[in-house]
Amino acid sequence: MVAAGTTGLLTAAAGGPPRGTARGRPEAKDGTPEQIHLTWGDDPTRSVVVSWTSPGQAVRPRVRIGQRVITAQERALAASPGGTVLWAYHARVDGLRPGATYGYAVTADNDANAADPFSATFRTAPEGRAAFRFTSFGDLALPGHSWAGSSGEAAYAVGAVETFQPLFHLLNGGLGSLGSLGESGGAGPDNTGPDSTGRDDAEPDRAGTGTGTGTVARAWRDFGQHMQASAANRPWLPVTGSHQHDPGSADHGLASYLTRYTLPSNGADGFQGRWYAFRVGTALFVCLSGDDVAYSAAGGASALVPDGRAPRPTDAETPAAEMRATATRATQPRATQPRATQPRATEPRATATRGAETRAPGTPAAGTAVPVPVARERPVAGGVFRSGRGYSDGAQTCWLESTLAAARADASIDWVIVQLHQCACHSAPDGAGSDGTGSDVGVRREWLPLFDTYEVDLVLSGHASGYERSFPVRGFEADTGRDAATGAVTDTRRPRPVTTVDGGVFDTSQGCVHLVVGCGAAGAGAAEPGTAEADAGRADTRGPAASGAESAEARLAAVYTRPASLVPDPRTPDGWASPAADAVEEATWSARRDTSAGYGIAVFDVDPGTEAGGQTSITVHYYHAAGPEPAGAYPGGCGPADDYYTLFDTFTLVRPRSDGRRWHPKGLH
């Protein structure tokens, strides 16, 4: 394990942008695995899920661990009637030992590399009160400069995860470039050129054009190939955000996301994969779908509709009951694709139960019709508008409360860590807010009272590029904001800090720390080199409570206090964009913000403590890229990448262990 306390420069493990070559000879419609990634099963100590896609329908897709063979379950998603098909496969591997390392291989009968299939290793979670490490960032962009919103730094972001060798990684909403595709409808400045696998974007074999659903499918593929370098070695646990919404996709724009990922069960019929929880050691991780409560306009609402026209803005919200329907579409063969280079790892070892397992029930046979979820969307002039807010009709919030209550009633659980995409505590550098990235009163109103009641320790979010840490907060202060247009007093439900002394150690039994880590190289939000903000960030200065490096005006937070409608985007003809926030507040809760770059990684080391009733801790280190990209230097908004990361912030969270403390719910604030 790499030590996370060093103050020197660290080099990301990635060797730069992925190569465009692949092992073996790609065949049309074959079952060669690609985009391989791991997630936890329902019990991370004993189960993982291996997921992947293939260019065509795989024949007997399977995972091999020693002498054990696990047949994968097939999911297929048709991009459009008569269009291409996404072939995804998921193998649930159960019966593993806690804290053990396993080798595995992924293959199929029509795998072009069947003689030497893809292989890697993973570790299961430890059991009981054990120390472990995890990492986090959000808004991971695509590497290179072929896509709008892509980033050279993204080539090293995945490698940074491998540098620290965590047990697992939390992705707080991602695929930053897909959000740009949805808003602009193009892959890059001219929507042409090769992707990271060397494939020409103008080839019409996906959807017949270089834009729309075909381009988005290719962006997803590049994203999956990119993250495979880490996600095939350790589980990556994602949450939905504004960038996972596909133009014209079913299920609130999440059909592709839900087809590609198998996540721990939430027990909510019709909402599997949208929110979930899992436990590692003494920590419960609660992963939420912020689109359900957030006010800021979601990426799905701003995406292009299937006919290529941008949807017109509206405040109408489709009831959740109207959004759930199913239909059956016949699958179509997928066109030929070259495979990206896949990382090699050790060969599988015989460490698990022997014996082959049969194909999972319900797996479609070749050539049969595949059930595909489709949403009934509200048509408006100019296109189709999708609003995610309220889609669960309160089901997610009810699940959240029962999950938090059960955790705090369990004396073996110390930590409750929440992951979502949207931000409750974020201050934009210019205080104005843009593209839906301000603090969100929807999240504050619906979920922060529950976080207070059940002593949530840490909230991780993305959405806003960069890094920001709050003081511990509990409760809120009313009528402390101002309307952005009129200056009138408005209620932003500003979180109340329990301390404004940045001493580096915080007792989270007294207040929750919010951490914005939307720093997966999405390319936005970095200050111009040479400006006061960039210099402040590089100099490792703290917020006004510590050094006064930033003015009070610079510490204003943009806040969305009501549901936001789309507005015309002057950058794109006939396009629409997320509006600026409608209010501002003084960010009294903000302890530290990185204004030098939008790229970095947070590393968390959990120490369970040694005595019942004693103290447990999480030590956090945040590293950022030593050399930010100059804004506007490249057509995609990206400059030269830097694979050196330096320590920017470190702090420790502490709380009493639950096995020696009688917990009781706090009153709602």
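This report describes strand pairing, nonpolar cores and one buried loop residue in a predicted model.

## Basis of the description

The model is predicted: local features need pLDDT of at least 70, side-chain atom pairs count only at pLDDT 80 or more, and totals for chains, interfaces and linings use all residues. Residues are numbered from 1 along each chain as its sequence is written, and side-chain values use heavy atoms, with hydrogens and water left out.

## Strand β35 and its partners

Strand β35 covers residues 615-625, and 9 of its 11 residues are buried, so the strand is largely enclosed by the rest of the structure. Buried denotes under 20% relative accessible area, exposed over 50%, and partly exposed in between (1.4 Å probe, protein chains only). Strands (E, at least two residues) and helices (H or I, at least four) are DSSP runs numbered from the N terminus.

Strand β34 (residues 600-607) is antiparallel to β35 and is joined to it by 8 bridges. Strand β36 (residues 644-656) also runs antiparallel to β35, with 11 bridges between them. Two strands are taken to pair if DSSP finds at least two bridges between them. H624 of β35 is the bridge partner of G600, and H624 also stands opposite T646 in β36.

## Open sheet of four strands

An open sheet of 4 strands follows the order β2-β3-β7-β6, with antiparallel pairing. Its edge strands, β2 (34-40) and β6 (73-78), each pair on one side only. On average, neighbouring strands of this sheet are turned by 20° against each other, direction ignored. The axes are lines fitted to C-alpha atoms, for helices over the stretch in contact, and angles run from 0 to 180 degrees between N-to-C directions.

Within this order, β3 and strand β7 (residues 85-93) run antiparallel and are joined by 7 bridges. One bridge pair consists of V50 and A91, the latter in β7.

## Loop residue Q57

Q57 lies in the loop between β3 (48-54) and β4 (62-65). This residue is buried, with a relative accessible area of 18%. Its side chain makes a polar contact of 3.1 Å with the side chain of E74. Such a contact is a pair of N or O atoms within 3.5 Å; within protein, one must be able to donate a hydrogen and the other to accept it, and residues adjacent in sequence count only if both atoms are side-chain atoms.

## Nonpolar cores

The largest nonpolar core has 89 residues, of which Y104, F134, F168, F278 and F285 touch the most other members. Helix α1 (residues 154-164) supplies the largest share of this core, 7 residues. Another core, of 34 residues, lies apart from it and includes L284, V286, V456 and C512. A nonpolar core is a set of buried Ala, Val, Leu, Ile, Met, Phe, Trp, Tyr and Cys residues joined through side-chain atoms within 4.5 Å.
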